[in-house]
Each structure stands twice: as C-alpha cells, then as structure tokens.
Amino acid sequence: MKKTSRAKVATASATAPADDGHAAVVAALRERVKELDCLYAITRLSQRADLALDDILAGACQVVARAWQYPEAACARVTIGGRVRATDNFRRPVDRQVSSVTVDGETVGRLEVGYLERRPPADEGPFLREERHLLDAVADHLGRIVEARRNEERLRALSRELIKAQETERQRIARELHDDVAQALSSTRLRLDGLVPQLAAADAAARETVTECAETLGAAVSSLRDLAYGLLPPALEQLGLVGTAFRLCEHCAARHALPVAFTADGLEAVRLPFETAVNLYRVLQECLANALRHGEASKVTVRLIASHPDILLRVTDDGKGFDVASRLPQALAEKRMGLWSMRERMRLLGGRLRIKSAPGRGTTITAEAPLADGGPCPE
C-alpha cells in the first residue's frame, strides 16, 4: 500500500508541470487569436466604403484596446496629422507602448496603447513581446489605410476635375454651335429665301434648287440647336433640375414618339448645387437614350424625389431589359462607358447608382445623391 501511495504522489508531481505548460499554451493561443481578430477587425473597417477615415481610426482604437492582455484597463489613441481619435476612456496612462504611423516612408503620426492602472511586469513593462509586434503591425496597417484613402481621394478629385472640364468643354462647344454656326446658317437660309421671289419664272429649276437648299439649311439649323441643347441644358440654372428634366422628357416624347411620364415630389423648396443638378441631368439623359437605343422601350417613367437627406432619380422603362451582372463587364470591354459614367457621376457626388433589370422585364435605374454637399449616402 505504501508503494502505491508513493506512486500516486510521484504521478501527481509529474502532472502539475504538464498542466501548467498546457495552460500556458492555451493562454498564448488565446492571445494570438485576439491578435488575429484585431487585425481582421481593422481590415474589415478599412473595407467599409461608407466609413470616413476618422471613423476607421476611432474604430481601430476600440479594437486595439480590446486586444491587449488587460482590456479592462487598456486605452488607445491614434494621432495622424491633425486627426486625433481615441477610446472613450482615454487619459494619461501609467504605462504605454507607442508605434509610429508612416505613409510613403514619412512619419505622419503615432499609435499608442496604455494601461490606466498598474499591471504585473512582462516583456516590455506590463506588455507582452507579442503586443509590441501587434502594435507595430497595426500602426503599419493604419499607415496603409491612410495612404489608400489619400490615393482614393486624389483619384476622386481627378475624376471630378475631368467631369468639370468635360462640362466646360460641352458648354463652349454648345455656345459656338448655337451662337456662331447656327446663326450663320440661319442667315444664309434667310438670304436664300429672299432669292426665290427674285428668280424669274423661267428659272423654275433654279427656284426649286434654292428652295431645297433653304429647307436643307433649315433642317441643319434645327439639328444643330438640338445638339447644342443636349450639350448644354440652357435652362438648368434658370429653371433648376425639375424644370429642365421636365423639358427633356417632353422633348424626348415629342421627338421620338415615346411616352415619358415625369413627376417630381418634395423639391419645391430645394436648391441643388449645380454640380448635383448637372450630374443628375446627365444620368437622366443617358437613361432616356438607353431606353430608346438599346431597350426599345414603349414607355418610360421618370421620378425625382427629395427624400432627406438624399435626392432620388428613378427611371423605369418597359424595354427589353438585360442581365446586369454580365452586361456591365461586357460594356466596359466594348468601351461603352454609359453605365460606368452614370455610376462614376453618382460616386463623385457621394451617392450611388442602382440598376435593376432582367431580360424581357425592362429596366429601373435609381440614382441617389446627397441633397447637400456631404458624405456618402448611408447604406
């Protein structure tokens, strides 16, 4: 019996270190899981297009504080340029770790994590060696996020300038077509009309030729004015978007014998920025052109709705429809930029474009933009 008892004691003594080792491994694995969760959470934040950079930085602070060994006493703060975001409980910590945030090799800020109360010493004060690695990794990740957002903003600004330049050039061409070319052709037609009575009755052939020339010039003048109107809606600044869009729908219905039902709700007291108005107008132009050219629609419904904080333009036709998933890549491959251009215009306004269509079921396109200059539309 004594021998058996000693054996049990020996077994228990050998098991204790093994249990301690197992517990240490489990604890270490838990810390690694927390670190991975931290990085994944920050990555998910950075992928949310609806979040501004300040929101991402604030969210990253919360995520980092939760990932440290003593989250109940942890706080975090990130400072980048003039931006400062921190956890709600942030105050001067008793111990802290700091890592620099760099963009394009230049230090632009720092990320700091601290404890508000004393904690047992570890590898770097109360912090684990792995926490130093994680802090540096998060700071590096934040630097990449800032760089990506800056590049995105530069691209957006460039696209905005390109569209402005395009609108300016359209206005210049429209003015020249209307004021110079169309006027010159109109004057020539008037002179031809004046020649007809002067031609002798014996010159019937010449009279007919002159008359035909005058009619041809008249048709050319009409086409030029239509072209100038399409390039520059002259009433947009005077009548606003509702009046100009109504005129466009009327013009489309009259010229192409296509019934276009137009309604506007809640826009009586709304004064849209010109950039918003002209981009929504261009989207409407493209929708009507597509309904005629590709959809072969027999009727179109257009609705302009003020739904604070956004304005919605919804164009529905009963045309052939198409498969959205396959058409968009195909259109880009064939360098047809209509759908892409509409989507880009809305994106630059901080809005979005939704396309609902299916073969044989018509198409509904909804353009949504903020009523005032501001951030992106909420999802």
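1. Helices here are DSSP runs of H or I with at least four residues, strands are DSSP runs of E with at least two, and both are numbered from the N terminus. With that in hand, a friendly word of caution before the details: this is a predicted model. By that naming, the protein chain has eight helices and nine strands.

2. Let me start with the overall form. The radius of gyration of the protein chain is 34 Å, whereas the globule rule gives 21 Å for 379 residues, so the chain is more spread out than a compact globule. Along the principal axes, the C-alpha atoms fill a box of roughly 145 × 45 × 40 Å.

3. A few chain-wide totals may help you. Of the 379 residues in the protein chain, 37% are buried. Among contacts with a separation of 6 or more, 64% come from residues 24 or more positions apart. The exposed area is about 21600 Å², and carbon and sulfur atoms supply 54% of that area. As for charge, the protein chain has 54 positive and 52 negative charges, and their mean positions are 6 Å apart.

4. Next, helix α4, which runs over residues 204-231. Its 28 residues reach 41 Å from the first C-alpha to the last, close to the 40 Å expected at 1.5 Å a residue. Its buried residues are Val 210, Ala 214, Leu 217, Gly 218, Val 221, Leu 224, Ala 228 and Leu 231. A reminder that is handy when reading such a list: an α-helix has 3.6 residues a turn, so residues three or four places apart point the same way. The cover over the buried residues of α4 includes α3 (129-195) and α6 (274-293).

5. Helix α3 supplies a residue worth a look, Ser 186. Is Ser 186 buried or exposed? Its relative accessibility is 17%, and the cut-off for buried is under 20%, so Ser 186 counts as buried. Setting aside neighbours within four places in sequence, Ser 186 is in contact with Val 221 and Arg 225. Of these partners, Val 221 is one of the buried residues of α4.

6. Helix α6 agrees with its expected span: 20 residues at 1.5 Å each should give 28 Å, and the end C-alpha atoms are 28 Å apart. Since 14 of the 20 residues are buried, α6 is largely enclosed by the rest of the structure. Val 278 has its place in this helix, and this residue is buried with a relative accessible area of 5%. Apart from neighbours within four places in sequence, Val 278 is in contact with Glu 167 and Leu 236. If you like distance checks, the C-alpha atoms of Val 278 and Thr 188 are separated by 34 Å, with their positions 90 residues apart along the chain.

7. On to the strands. Which residues does Thr 79 touch, not counting those up to four places away in sequence? They are Val 84, Val 108, Gly 109 and Arg 110. Thr 79 belongs to strand β1 (residues 74-80), and at 22% relative accessibility Thr 79 is partly exposed. Its C-alpha atom is 6.5 Å from that of Leu 111, 32 residues apart along the chain.

8. Ile 355 sits in strand β8 (residues 352-357) and is buried, with a relative accessible area of 15%. Not counting residues up to four places away in sequence, Ile 355 touches Phe 322, Val 324, Leu 328, Leu 339, Arg 343, Thr 363, Thr 364 and Ile 365. For Leu 339, 16 residues apart from Ile 355 along the chain, the C-alpha separation is 9.2 Å.

9. Finally, some backbone points to check in your viewer. His 308 and Pro 309 are joined by a cis peptide bond, with omega about 10 degrees, and Pro 309 lies in the loop between β6 (300-307) and β7 (310-317). Asp 104 has a positive phi, near 55 degrees, in a residue other than glycine. Asp 104 lies in the loop between β3 (95-103) and β4 (106-115) and is exposed at 61% relative accessibility. Ala 257 also has a positive phi, near 50 degrees. This alanine is found in the loop between α5 (236-256) and β5 (260-265), and Ala 257 is exposed, with a relative accessible area of 68%.

Definitions and conventions
Residues numbered from 1 in each chain as written. Predicted model: local features only at pLDDT ≥ 70, side-chain atom pairs only at ≥ 80, totals over all residues. Heavy atoms only, no water. Rg over C-alpha atoms; globule rule 2.2 N^0.38 Å. Buried < 20%, exposed > 50% of the residue type's maximum accessible area, 1.4 Å probe, protein only. Contact = heavy atoms within 4.5 Å. Areas by Shrake-Rupley, 256 points an atom, 1.4 Å probe, with all protein chains shown as cover. Lys, Arg positive; Asp, Glu negative; His and termini not counted. Charge placed at Lys NZ, Arg CZ, Asp CG, Glu CD. Expected span 1.5 Å × (residues − 1).
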